[in-house]
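Colleague: Could you walk me through this model, one question at a time?

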Amino acid sequence: MARYELKLPKMGESVAEATITSWVKEVGETIDIDDTVVEVATDKVDSEVPSEVDGTLVEILFDKDSVVQVGQTIAIIETEGGEEVSSETTTIKEEVKAAAVEVEKTIEEVKETITSSIDTSSSERFYSPLVRSIAQTEGISLEELETVKGTGKDGRVTKTDILSYIENRGSQSQKIAEPIQEQKPQPKVQSAPVTLSGEDEIIEMSRMGKLISKHMVDSIQTSAHVQSFIEIDVTNIVNWRNKVKNAYQKREGEKLTFTPIFMQAVAQTIKKHPMINISVDGDKIIKRGNVNLGMAAALPDGNLIVPVIKNADQLSLVGMTKQVNDLATRARANKLKPDDIQGGTYTVTNVGSFGSITGTPIINQPQVAILALGAIVKKPAVIETPEGDFIGIRHKMMVSHSYDHRVVNGALGGMFIKTLKEILEAWDANQDF
C-alpha cells in the first residue's frame, strides 16, 4: 500500500490560506479519483478539494474551522500499489498517528493563543489570528496596532508588516502615531435596538452574507457614488435574437441570451473610454491594461457572486456566449474556482433578470464603476423617419451607471453610457452570426 498526501491546493492569486468548512469524506471511507474530500472557504469564494487518487481516507489532519496554509497536507489517503503492508508500514502508521496527535495539540495551543490575543472586534480593519497573537506577545495595544501600515490586500497587516514594525518600533512608532493622534476619532453610528416578539425567528447570516455585507459598506465608505441613467432602444437586438437563436444554438451548441450581446457592447465601450477601466491606490490612479468584465450571478442560496470574463474586449460574440454560459452554469452549481472571480476591472449586473426597471448598484471595489441593466419592456415611442414622426411599439431598456466621483466626473460617467447606447442601437438586425 502507498500513502498519498492531500494538500491544500493553490486557491488563486494573493490567497495564502483557507478555512476548512466541512469534511465531505470520513476516515475509513473509500475515495474515487475526483471525489470531493473537503470543502474550504477563503474571503473570496467557497471551493471543493478533490482527490487526485483512488484509495481510502486514513487520516484527517485538521478539524473543521481550522485555518490551513496553501500547500499544507490536510489528509492522508491510502492507495493500492507501492509497498505492501508490513511491520515497517505499521510503524509508519503509528508515527503518522502520533504526528496527528501533535498537530491536534498544536491546533489547541494556537486556539488558546488566539483566545488570549488582543480584542480587535471594535476595529474596522481585519487582523489575522497570527498578527493578533504577535501583537499580544509584544505588548502592542489595539490603538498602536491601528497605526501599522499594511501591505496585504485591502491594506491588511501581514506577518511581515508587524515583524518589521516591531523591529523598527522605537524609531517608527512615534512618527507613525503622531498624525494618527491628530485625527479625531469618528463616532460610531449606533443602530436602533431591535425588539423581538414570540413569533420572530432569528436567522444567522451565512459566512458569505457577512463578507458581502462588509464589502458593500466598505465600498460606500470608500467611493463617492454618483449615478447616471439612460434609456436604450434595443428593438433591433430583440428582433435579431428572436430570428437567429434557434439556428445559433444548433450551430454553436450554446443558448444565445441577451447577456453576451450586452457584455460585448460594454467591452467595446470601455475600449473607447479607457479611463473608466481604472482603480485608485491612495493618490495614484491605476489604468488597467486588460478589460476584465465582472458578471454578477446569483448563487443557489440567494447570494450574489461576480465571476470574471478575462480579456473580454478580445472575444467574438460566440466566444463571449461560451464564457457567459460557462460561468453562469458553474456559479449556479457552486463550481467556480478562486481564479474565476479575480482580476475584474469593471462589473455589469443584470437587475432586469428580477423584473426591475433599473437600480443603483454599489461599486465592486477596487473598481470605480458598475453598470446595471434593467428589464427590457415594450413602450410606445416616437419614431423619426424622413416622412415624419409617428408612434410605434419599441423594446426599451433603462441602464444605470454608478461611478466613483473621486476619479470619474459626470462627463465621463454620462458619455460612457451614451456610447453604449449608440453601439447597441446601431445593431444590424440583418447580420449573420
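**A sheet and a helix**

Modeller: Gladly, and keep in mind that the model is predicted. Let's start with one pair: Ala-41 stands opposite Asp-46 in S5.

Colleague: How many bridges join strand S4 to S5?

Modeller: Strand S4 covers residues 36-41. S4 and S5 run antiparallel, and the bridges that join them number five.

Colleague: Which strands stand at the edges, each with a single partner strand?

Modeller: The open sheet has four strands with antiparallel pairing, in the order S5-S4-S2-S7. A strand at the edge has a single partner, so one side of it is left without a neighbour in the sheet; that holds for S5 (46-50) and S7 (67-69).

Colleague: By how much are neighbouring strands of this sheet turned against each other on average?

Modeller: With direction ignored, the average turn between neighbouring strands of this sheet is 45°.

Colleague: Moving on to the helix, where does H7 bend?

Modeller: H7 spans residues 235-252 and has 18 residues. From its first C-alpha to its last, H7 reaches 24 Å, close to the 26 Å expected. Even so, H7 has a bend of about 50°, and the residue there is Val-244.

Colleague: Is Val-244 buried or exposed?

Modeller: Val-244 appears in a list with Trp-240, Arg-241 and Tyr-248, among others in H7. The cover over such residues of H7 includes strand S9 (225-233), helix H8 (258-272) and helix H10 (410-425). Val-244 is buried.

Colleague: Which residue just after H7 takes a positive phi?

Modeller: The phi there is about 70°, and the residue is Gly-253.

Methods: Residues are numbered from 1 along each chain as its sequence is written. This is a predicted model: local features need pLDDT of at least 70, side-chain atom pairs count only at pLDDT 80 or more; totals for chains, interfaces and linings use all residues. Side-chain values use heavy atoms; hydrogens and water are left out. Helices (H or I, at least four residues) and strands (E, at least two) are DSSP runs, numbered from the N terminus. The expected span of a helix is 1.5 Å times one less than its number of residues. The bend at a residue is the angle between axes fitted to the seven residues ending there and the seven starting there. Buried means under 20% relative accessible area, exposed over 50%, partly exposed in between (1.4 Å probe, protein chains only). Contact means heavy atoms within 4.5 Å. Two strands pair if DSSP finds at least two bridges between them. Axes are lines fitted to C-alpha atoms, for helices over the stretch in contact, and angles run from 0 to 180 degrees between N-to-C directions.
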